[in-house]
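I opened my notebook to go through this structure. I start with the overall build and then turn to the charged side chains.

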Amino acid sequence: MADETGAQASNDVGGIAADQLRSFIERIERLEEEKANIASDIKDVYAEAKSSGFDTKIMRQIIRIRKMEPHERAEQEELLDLYLSAVGY
């Protein structure tokens, strides 16, 4: 049964649209499950790469670097060079 605003009275609980809230929660739960599955797949790929002799720590670093904007990477490399120079390398 609808009230004056057209909203379903049984849908609102304490001023909250229960169906809409439930929908958001269920979507987030599904996405969290997908995220866990993807994380597991990524872990499997790293394990496969490691068994093929690749250094996964370096692979992770490459992936992190590739996500950076070119100017961010250049700035980080400059700072690394400066810090290495400061400590005698």
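The entries below follow the order in which I looked things up.

**Entry 1: the model and its fold.** I am working with a predicted model. I looked up the secondary structure of the protein chain and found 3 helices and 2 strands. I then read off their order from the N terminus, which is β-β-α-α-α. Helix H1 takes in residues 18–51. Helix H2 covers 56–67 and helix H3 covers 70–86.

**Entry 2: surface and burial.** How many of the residues count as buried? Of the 89 residues in the protein chain, I get 7%. The exposed area of the protein chain is about 8,100 Å². Carbon and sulfur atoms supply 56% of that area.

**Entry 3: salt bridges.** I searched the whole structure and got 2 salt bridges. Side chains of opposite charge can pair when their charged atoms come close. I took the two pairs in turn.

**Entry 4: arginine 22 and aspartate 19.** These side chains meet in a salt bridge, at 2.8 Å from N to O. How far apart are arginine 22 and aspartate 19 in helix H1? They are 3 residues apart, so about one helical turn separates them. I also checked exposure. Arginine 22 is partly exposed, because its relative accessibility is 44%. Aspartate 19 is partly exposed too, with a relative accessible area of 45%.

**Entry 5: lysine 35 and glutamate 32.** In this salt bridge the closest N and O atoms are 3.3 Å apart. Lysine 35 and glutamate 32 also sit in helix H1, 3 residues apart, so the separation is about one helical turn. Is lysine 35 exposed or buried? Lysine 35 is exposed, with a relative accessible area of 51%. The cut-off for exposed is over 50%. Glutamate 32 has 42% relative accessibility and therefore counts as partly exposed.

**Entry 6: the acidic patch.** Which residues gather in a patch of negative charge on the surface? I listed Glu69, Glu72, Glu75, Glu77, Glu78 and Asp81. I then looked at one of them, glutamate 69, more carefully. Where does glutamate 69 lie? I found glutamate 69 in the loop between helix H2 and helix H3. Its relative accessible area is 44%, so glutamate 69 is partly exposed. A patch residue needs over 30% relative accessible area, and the 44% of glutamate 69 meets that condition.

**Entry 7: recap.** I leave the notebook with two charged pairs in helix H1, arginine 22 with aspartate 19 and lysine 35 with glutamate 32. I also leave it with a surface patch of negative charge that includes Glu69 and Asp81.

Terms used. Residues numbered from 1 in each chain as written. Predicted model: local features only at pLDDT ≥ 70, side-chain atom pairs only at ≥ 80, totals over all residues. Heavy atoms only, no water. Patch = residues over 30% accessible without salt bridge, like charges linked within 9 Å, V, L, I, M, F, W, Y side chains within 5 Å. Areas by Shrake-Rupley, 256 points an atom, 1.4 Å probe, with all protein chains shown as cover. Salt bridge = Lys/Arg side-chain N within 4 Å of Asp/Glu carboxyl O. Lys, Arg positive; Asp, Glu negative; His and termini not counted. Charge placed at Lys NZ, Arg CZ, Asp CG, Glu CD. Helix = DSSP H or I, 4+ residues; strand = E, 2+ residues; numbered from the N terminus. Buried < 20%, exposed > 50% of the residue type's maximum accessible area, 1.4 Å probe, protein only.
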